[in-house]
Amino acid sequence: MERTGIEKIVELAAPNTKEIDGRTYTDKRIIPVERPRVKTLELTTLNSLVKLIREESANYIAPLIVQVSSYDAVEVFAGIQTADRKRENPYCCKAETVHIQFDQKLDYESMMIALKSKFVQTSELLELVKLLGSITERNSAQVSDDGFSQNVVVRKGIALKDNKTINPIVKLKPYRTFAEIDQPESEFLLRLSDGANVALYEADGGAWKLEARKRIADYLREALDGQKDILIVE
């Protein structure tokens, strides 16, 4: 094949571009070569996240954005790369939390175990545990007989060993976010029922999640104080 013919084929194969109203168009699909990016490192504690940011933040395009994306999660993104307008996502941090059975009935023993192992010990928690420990299940029958007929009255349900007032709303601090921060306190509706069952229903409309995010952001701001080019957002 002649040289001019080869040059003509190469010319036809090349993409043609045209500007229309300030935007550039091409008649061929061009796939960019992706720049290498680090694999996102998954963490479980805020302390480890702070250490890595302090050690490695200079390796990424500034500013480093630390986003508190949830009450139990933090994402870290680097600045925008000029070439492809993308960000690196070097770290993500997800809290290891325990499963707490809200909004369902549990027997007293299971509830007391949960309260002692999955909640921060507070004065109100201790009062609730003491209250549950004072409850007994009542199952009795009284019979009256006048010689002609018999009348039976059955009583079944729950009773307190001592006379106590049960407050239906209790304030507790479950372990629901990162261990490094003070667990948010929220209100719960306490319900006792026959069959020796008790349940806690969340009664704050999820406000604790907003408080948890705020506390995580405050913790990170204090821990990363003095670190340059760090932007913490909730």
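**Close-up views of a predicted model**

**View 1. The lining of the largest cavity is mostly nonpolar in this predicted model**. Seven of its residues are nonpolar and one is polar. No charged residue takes part. The lining consists of I100, Q101, F102, L106, M111, A114, F119 and L200. The volume of this cavity is about 50 Å³. How many cavities of 30 Å³ or more does a search of the whole structure find? The search finds one.

**View 2. Five strands form an open sheet**. Their order is 3-6-5-4-13. The pairing is mixed. Strands of a sheet pair through backbone hydrogen bonds, in either a parallel or an antiparallel way. Which are the edge strands? They are strand 3 (41-43) and strand 13 (230-233), and each pairs on one side only. On average, neighbouring strands of this sheet are turned by 15° against each other, direction ignored.

**View 3. Strand 4 pairs with strand 5**. Strand 4 covers residues 64-70, and strand 5 covers residues 73-77. The two pair in the antiparallel sense, over four bridges. Look for V66 here: opposite this residue stands V76 in strand 5.

**View 4. Helix 2 packs on the sheet**. This helix spans residues 46-56. Helix 2 touches strand 3, strand 4, strand 5, strand 6 (91-94) and strand 13. Its direction makes about 165° with that of strand 6.

**View 5. Helix 5 also packs on the sheet**. Residues 207-223 make up this helix. Helix 5 touches strand 4, strand 5 and strand 13. The direction of helix 5 makes about 155° with that of strand 4.

Technical notes
Residues numbered from 1 in each chain as written. Predicted model: local features only at pLDDT ≥ 70, side-chain atom pairs only at ≥ 80, totals over all residues. Heavy atoms only, no water. 1 Å grid on protein atoms, 1.4 Å probe; cavity = no way out; pocket = protein on both sides within 12 Å on 5 of 7 lines; lining within 4 Å. Points joined across faces, edges and corners; volume = space filled by probe spheres on them. Nonpolar A, V, L, I, M, F, W, Y, C, P; charged D, E, K, R; others polar. Pairing = 2+ DSSP bridges. Axes fitted to C-alpha atoms, helices over the stretch in contact; angles between N-to-C directions. Contact = heavy atoms within 4.5 Å.
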